[in-house]
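Subject: Structure handover

Hello,

Here is the structure you asked about, with the sequence alongside. My notes on it follow below.

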Amino acid sequence: MNIILLGPPGAGKGTQASRLVDGRGMVQLSTGDMLRAAVKAESPTGLKAKAVMEAGELVSDEIVSGIIGEALDALEPKTGVIFDGYPRTAAQAESLDAILSSRGRTLDHVIELVVDEDALVDRITGRYTCARCNAGYHDHFQKPEKEGVCDACGSTEFKRRPDDNEETVRTRMAEYRAKTAPILPIYEARALVTKVDGMADIAEVSAAIDATLG
Ligand code: AP5
Ligand code: MG
Ligand code: ZN
């Protein structure tokens with residue numbers, strides 16, 4: 001099964017993808033996570049992407065589609081994939097079709113996480129992750145069981161994303177509205193889209209996605 005999680009910054013794409021990885025053994029391909037790894041490694045891609053990401057703008061279609069193709073080639077052909085944060089433009093949607101078909105894969109579902117924009121700034125400015133295992137948390141909505149200790153690995157070191165500030169979030173939302181939301185009709189025309197209420201509790205959102213995937 002190959003699915004896309006689509007929604008604005010803070011909609012819960014990463015949160016839901018990691019629950020699908022745990023629950024179904026699918027693989028999450030997050031272009032944001034892969035780009036952040038490239039920035040950290042100071043690879044040629046990372047050097048090109050760093051300033052663009054810090055401004056909240058979109059990295060070039062060529063770079064992200066290249067990353068996705070390479071990541072798919074590293075997987076067993078039958079592994080189910082969750083595309084998190086890709087595609088984000090019409091050109092990327094077109095590339096994804098070609099990337100999938102050349103590898104004998106088909107797209108099964110597009111889950112649109114529908115959220116209230118006013119809530120997103122709070123979600124994003126409260127977000128942090130474990131510095132060791134990358135598990136995601138939130139100051140109010142998703143605290144570790146023991147304060148200051150990662151549930152998954154026991155680490156006490158956490159980090160926040162440099163693009164998780166209010167100003168950048170506004171740019172990321174504007175990019176979503178201008179370039180990403182317009183690709184939904186492409187998938188609606190193929191009857192692939194299911195709208196899920198992303199304002200519900202994390203577990204309820206998961207349940208709605210599970211019901212769609214069957
Ligand atoms: P990316 O990393 O994809 O960021 P994004 O789209 O802005 O989305 P986020 O990761 O911020 O949000 P999310 O939906 O994953 O929310 P999360 O689950 O963490 O991209 C970053 C940058 O990389 C882009 O700006 C661009 O520069 C570049 N880039 C990446 N892909 C690209 C592409 N394809 N093309 C071009 N450029 C690209 O949830 C947020 C918080 O809310 C968490 O703390 C969580 O605990 C909490 N939360 C989640 N769900 C709920 C809920 N139901 N109720 C309450 N709290 C919740
Ligand atoms: Mg994310
Ligand atoms: Zn951890």
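The zinc ion (ligand 3) is held by four cysteine sulfurs: the SG atoms of Cys130, Cys133, Cys150 and Cys153 coordinate it at 2.3 to 2.4 Å. Please keep in mind throughout that this is a predicted model.

The 4 donor atoms subtend angles of 101 to 114° around the zinc ion (ligand 3), so the arrangement is tetrahedral; the cut-off for that label is that all angles lie between 85 and 135 degrees. Along the sequence, the donor residues follow the spacing C-x2-C-x16-C-x2-C.

I also looked at how two of these donors sit with respect to the surface. Cys130 has 0% relative accessibility and therefore counts as buried. Cys133 has a relative accessible area of 36%, so it is classed as partly exposed, the band between 20% and 50%.

Next, the overall chain. The protein chain contains 9 helices and 8 strands. Its radius of gyration is 17 Å, close to the 17 Å that the globule rule gives for 214 residues, so the chain is as compact as a globular protein of that length. The C-alpha trace spans about 45 × 40 × 35 Å along its principal axes. Of the 214 residues, 43% count as buried. About 10900 Å² of the protein chain is exposed, and carbon and sulfur atoms supply 51% of that area. Taking contacts between residues at least 6 apart in sequence, 69% join residues at least 24 apart.

Then the interior. In soluble globular proteins, nonpolar side chains tend to be buried together. In this model the largest nonpolar core has 27 residues, and the members that touch the most others are Ile4, Leu35, Leu72, Phe83 and Tyr187. At least two residues of this core come from each of strand 1 (2-6), helix 3 (44-55), helix 4 (61-73), strand 3 (81-84), helix 5 (90-101) and helix 8 (184-188). Helix 4 gives the most, with 6 residues.

Which residues does Ile4 contact, leaving aside neighbours within four places in sequence? Ile4 is in contact with Phe83, Tyr86, Pro87, Leu96, Leu107, His109, Val110, Ile111 and Tyr187. Two of those partners, Phe83 and Tyr187, are also named above among the core members that touch the most others.

There is a second, separate core of 19 residues, which includes Leu5, Ala11, Leu20 and Ile209.

Regards

Notes
Residues are numbered from 1 along each chain as its sequence is written. Chains are lettered from A and ligands numbered from 1 in the order in which they are written. This is a predicted model: local features need pLDDT of at least 70, side-chain atom pairs count only at pLDDT 80 or more; totals for chains, interfaces and linings use all residues. Side-chain values use heavy atoms; hydrogens and water are left out. Donors are N, O and S atoms within 2.8 Å of the metal (3.2 Å for Na, K and Ca); water is not among the atoms, so sites may look incomplete. Four donors count as tetrahedral if all angles lie between 85 and 135 degrees; four count as square planar and six as octahedral if opposite donors are over 155 degrees apart and all others between 65 and 115; anything else is irregular. Buried means under 20% relative accessible area, exposed over 50%, partly exposed in between (1.4 Å probe, protein chains only). A nonpolar core is a set of buried Ala, Val, Leu, Ile, Met, Phe, Trp, Tyr and Cys residues joined through side-chain atoms within 4.5 Å. Helices (H or I, at least four residues) and strands (E, at least two) are DSSP runs, numbered from the N terminus. Contact means heavy atoms within 4.5 Å. The radius of gyration is taken over C-alpha atoms; the globule rule is 2.2 Å times the number of residues to the power 0.38. Accessible areas come from the Shrake-Rupley method with a 1.4 Å probe; for residues, only the protein chains shown count as cover.
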